[in-house]
Every structure is written in structure tokens, then in C-alpha cells.
Amino acid sequence: MGARLICLPHNRPMAKSVYVCSDCGTTAPKWLGKCPGCGAWNTLVESVDEGTSKNRYAAAASSRAALNPAQPVATLAEIEASDVERQPTGIEELDRVLGGGIVAGGVVLIGGDPGIGKSTLLLQALDHLSRALPVLYVTGEESGAQVALRSRRLGLGASRVRVLAEIQLEKIAAAIEAEQPSVCVIDSIQTVFSDQLSSAPGSVAQVRECAAQLTRIAKGSGTTIILVGHVTKEGALAGPRVLEHIVDTVLYFEGDTHSSFRLVRAIKNRFGAVNEIGVFAMTEKGLKGVANPSAIFLSTHGDPVPGSCVLVTLEGTRPLLVEIQALVDAGGPSPRRLSVGIERDRLAMMLAVLHRHAGMAAFDQDVFVNAVGGVRISEPAADLAVMLAIQSSLRGKALPRGFIAFGEVGLAGEVRPAPRGQERLKEAAKLGFATAIVPKANAPKKAIEGLTVHAVDRIEQAIDLVRGF
Ligand code: TYD
Ligand code: MG
């Protein structure tokens with residue numbers, strides 16, 4: 001993987017801390033509650049002072065020159081557009097989200113709730129990679145013994161993965177230089193700290209500075225660095241979100257830790273598309289890829305129940321059937337609107353559309369909506385299924401057995417087409433679904449065997465149709 005030249009952070013003179021406003025960039029020598037530049041409160045964060053801006057540019061230029069010689073300015077057409085070379089990780093579902101595999105010098109961030117399977121997946125991937133390449137697993141959360149125990153549990157007894165239990169950035173950097181791995185996992189970035197900063201490990205300043213240094217190491221040495229980041233339930237205090245712009249690829253784990261299925265979704269990928277998801281099942285022996293995931297997010301009701309509607313959503317190149325559940329129940333003076341897996345603002349809009357255009361009032365009711373299995377659905381094509389689930393709960397009438405729906409609903413009550421409707425319908429028919437309500441433009445030109453398709457262009461028509469079932 002190319003010549004290696006590592007710019008080690010500990011070779012630099014000991015840096016001073018400065019406090020930088022995250023809004024306007026004003027610097028102050030000590031922490032202040034209010035930014036002297038823009039007057040914003042609580043925006044100053046600690047960072048490393050790299051000298052005056054003139055020196056900084058000079059230093060940056062010389063370190064760049066050390067890494068690779070200055071490039072001449074070229075016309076776009078003259079630059080050869082060679083595709084980057086990818087090294088498959090050997091885990092098919094992970095390669096799918098990465099766009100084929102890892103890229104030399106690339107930095108990948110994998111985020112997700114604690115306990116969702118980040119360490120497990122990466123240990124499995126490193127084991128595969130270690131058969132062809134030198135790899136290093138830096139663990140800051142678990143001891144070497146705990147990692148070894150996990151590897152035995154995963155059946156990786158004879159693994160050649162090199163392990164380092166260390167949390168100090170400078171020592172990690174030295175180990176990367178000594179080991180020269182092709183792939184290095186840092187588990188997790190929140191435990192790493194640099195002694196150049198006085199703030200605690202896990203603080204925004206530490207996380208950002210350590211990730212920036214590791215990115216420099218990756219670019220300079222050609223080592224692929226994979227950073228693990230925890231996302232807290234409340235959002236992201238010092239969470240990996242502050243790193244999203246630094247790294248090349250951002251993957252997030254989704255799914256309910258209580259169920260066995262996990263989704264890995266690419267949020268950003270400088271080396272490939274971001275629309276693919278990887279689907280895994282957590283087993284006794286670690287994470288196993290699910291090649292045919294279309295039916296895993298359906299819950300199994302004996303008989304159809306009110307408040308449930310199956311949505312055919314399209315994730316990447318594969319259609320996925322997800323049950324949407326709604327519960328509408330008498331609320332207090334300020335009724336609640338809660339949603340899991342569906343955007344809450346979107347839910348409020350759908351309730352308004354249902355009221356205005358279909359005469360279904362829920363303004364005095366609590367409304368809860370859930371996408372089964374912990375999937376997060378962001379595509380607007382979910383609207384119709386969510387609204388049909390809500391009306392079904394409101395009326396206490398179940399939708400017919402084997403019913404699916406998809407389609408975006410606009411504020412004027414119009415039902416807009418969803419991309420690749422035919423594929424969605426075919427997948428539903430394959431899984432034995434019998435009735436569908438879809439946007440007019442998605443109506444199949446040729447009948448699909450076993451599936452009765454009702455095409456609508458307004459939400460009122462859809463509501464009228466289900467009243468008649
Ligand atoms: P882990 O990879 O430690 O999560 P993270 O690094 O994201 O915090 O996964 C932890 C969970 O996975 C833990 O609750 C146990 C479970 N697990 C299995 O079910 N099977 C296995 O083979 C392994 C290794 C873990
Ligand atoms: Mg872990």
C-alpha cells in the first residue's frame with residue numbers, strides 16, 4: 001500500500017491550548033462563558049494552538065510537502081479519473097455499504113448505540129483482512145483479554161489480528177508507525193486522548209483533535225483507519241457527529257438492541273454511493289449478513305389488527321417490507337405526538353393532511369407511531385402507509401390481511417409516486433401480499449400475479465377505499 005511516511009504528532013513541539021468559538025472562530029487564551037467576538041454563550045471549546053496563522057500555513061505547507069510533493073495545477077480533463085482501489089473486508093454486507101471495500105488512506109467512522117455490535121463487526125472484519133494484510137486493533141474500552149475472549153467466542157481462535165490496549169494518542173501513533181498496519185481500528189475514539197490538551201477524554205476538543213491527528217496519519221501513511229464512535233440516546237454529547245466532516249466515510253448502526261437484526265447505513269461516503277444498507281443478524285457467533293432482508297421487519301399477527309399497515313420501502317437497491325404501527329388514543333388537553341423511526345415533524349404534517357383533506361380528526365388524541373424493528377425510515381414514500389395505519393387505529397378497523405401501501409402524500413392531499421414502484425410491488429407479491437394501495441403513477445402496466453393493486457391520486461380516495469374493504 002504505497003510508501004509510508006508518518007507525521008507523528010509527538011514530533012511537534014508541545015502545543016498550547018486556545019479556546020475557539022465554534023460559531024465565529026474568535027480565539028481566547030482562556031475559557032469564557034460568552035464569546036468576546038460574537039457574544040454567543042457557551043460556544044468556546046478547547047483546541048490546540050498551532051501558532052499564528054502565518055506560521056500555521058507555513059507549518060501546514062511544510063508538512064504537506066513532506067507527505068507528498070507539491071502538485072501542479074491541472075485542467076480537470078487532463079487528470080486521469082482512475083477509480084480508487086478497494087480491499088473487500090470479506091464481510092459482504094459491510095462491503096456493500098462501503099461501496100465495495102476499504103480504501104487505502106481512507107478514514108471510516110462507525111457510530112451507533114453502545115452494545116449494538118460495533119466491536120463485534122470490526123473484529124470479524126479485521127480477522128478476515130488479517131489473512132491478507134497486517135491489521136491492528138486498538139482497544140481503549142476493553143482489555144486485551146476481553147478482546148481475546150470475544151474472538152474465541154466468535155470462533156477466531158487462530159486470528160492474526162494484532163491488538164493494542166492503549167488510549168493515549170501519541171502512543172497509538174507510535175504503534176501505528178512501528179506496526180505499519182494496512183488497516184487500524186480505534187475502538188473507540190471517545191476513549192482516546194492527546195496529552196497536548198488538558199480537557200478530559202471524550203470531550204469535544206479531545207475527540208476532534210484526536211480524530212484530526214489520526215486522519216493525518218491515515219493520509220500520510222496509507223493506513224485505513226476505522227474509528228468507532230458511540231452515539232448517546234440523547235443525541236450526541238461529544239458524539240461522533242462532530243467528526244462527520246473530518247472523515248471520508250460515515251456509517252451508522254441502527255436497530256433495536258433487543259431484537260437480533262442490525263442495519264448499517266452509510267451517511268457519507270467520499271468513495272461511493274450512500275444509498276446502500278447492510279443487514280446483519282446478531283447470533284451466538286457474532287454478526288451474520290442477511291442476504292435476503294425483505295421480510296425481517298414484519299411482525300407476525302395471527303389476524304390483522306387495527307393500527308398496522310405494511311410499507312414497502314426501498315433501501316439502496318433492495319426493497320424492504322416494514323410494518324408501521326399507529327396507536328391513536330384519547331389524550332389530555334395537550335395531546336402527544338410520538339414517533340419512533342419516522343420523523344415527528346412529518347407525522348404532524350400527515351395528521352394535518354388527514355384532517356383537512358380526509359376529514360379524520362385526531363387533534364384531541366394522543367398519536368403514537370412506530371416502525372417495527374428499530375428501522376429508521378426517511379423516505380417520504382412512507383406517508384401513505386403511516387396515514388393508513390393512523391386511520392385504521394382511529395376507526396378501530398384492521399386493514400385486510402396481506403395489505404401493503406406506499407406513496408408520498410403532499411400538503412394539498414395529492415398522492416405522489418415513489419421511485420421504482422414496480423420493484424416494490426413485485427417484492428410484496430413474492431412475499432404473498434394480496435392487496436395494495438399505491439400512487440396512480442406507480443400502477444403496474446401489466447398485472448402482477450396474486451396482487452390486486454388500487455391506484456389513487458388523492459388521500460381521500462385511499463381513505464374511501466379502505467373504508468370499503
Ligand atoms: P459489541 O460489539 O460489544 O457492541 P458495541 O461495540 O457496539 O458496544 O456487541 C455487544 C453485544 O452483542 C453484547 O450485548 C453481546 C452481543 N453478542 C452476541 O450476541 N454474540 C456474539 O457473538 C458477540 C461477540 C456479542
Ligand atoms: Mg465496543
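**Ligand 1 and selected backbone features**

Me: How many nonpolar, polar and charged residues does the shell around ligand 1 have?
Reply: Ala, Val, Leu, Ile, Met, Phe, Trp, Tyr, Cys and Pro count as nonpolar, Asp, Glu, Lys and Arg as charged, and the others, Gly among them, as polar. This is a predicted model, in which local features need pLDDT of at least 70, side-chain atom pairs count only at pLDDT 80 or more, and totals for chains, interfaces and linings use all residues; side-chain values use heavy atoms, leaving out hydrogens and water. Residues are numbered from 1 along each chain as its sequence is written, while chains are lettered from A and ligands numbered from 1 in the order in which they are written. By class, the shell has four nonpolar, six polar and six charged residues.

Me: Which residues are the closest to ligand 1?
Reply: A residue is near the ligand if one of its heavy atoms lies within 4 Å of it. On that basis 16 residues surround ligand 1. The closest are Gly 115, Ser 119, Thr 120, Thr 283 and Gly 286.

Me: What percentage of the accessible area of ligand 1 does the protein cover?
Reply: Polar contacts (pairs of N or O atoms within 3.5 Å; within protein, one must be able to donate a hydrogen and the other to accept it, and residues adjacent in sequence count only if both atoms are side-chain atoms) include a polar side-chain atom of Arg 153 at 3.4 Å from a nitrogen atom of the ligand. A polar backbone atom of Gly 286 is 2.7 Å from an oxygen atom of ligand 1. Of the 560 Å² that ligand 1 has accessible on its own (Shrake-Rupley method, 1.4 Å probe; for residues, only the protein chains shown count as cover), the protein covers 76%.

Me: Which element gives the most residues to the shell around ligand 1?
Reply: Helices (H or I, at least four residues) and strands (E, at least two) are DSSP runs, numbered from the N terminus. The element giving the most, with three residues, is helix 3.

Me: Where is Ser 188, the residue after the cis peptide bond from Asp 187?
Reply: The peptide bond from Asp 187 to Ser 188 is cis, with omega near 0°. Ser 188 has its place in the loop between strand 9 (183-187) and helix 6 (204-221).

Me: What is phi of Gln 180?
Reply: Gln 180 is in the loop between helix 5 (169-179) and strand 9. Its phi is positive, in a residue other than glycine, and lies near 50°.
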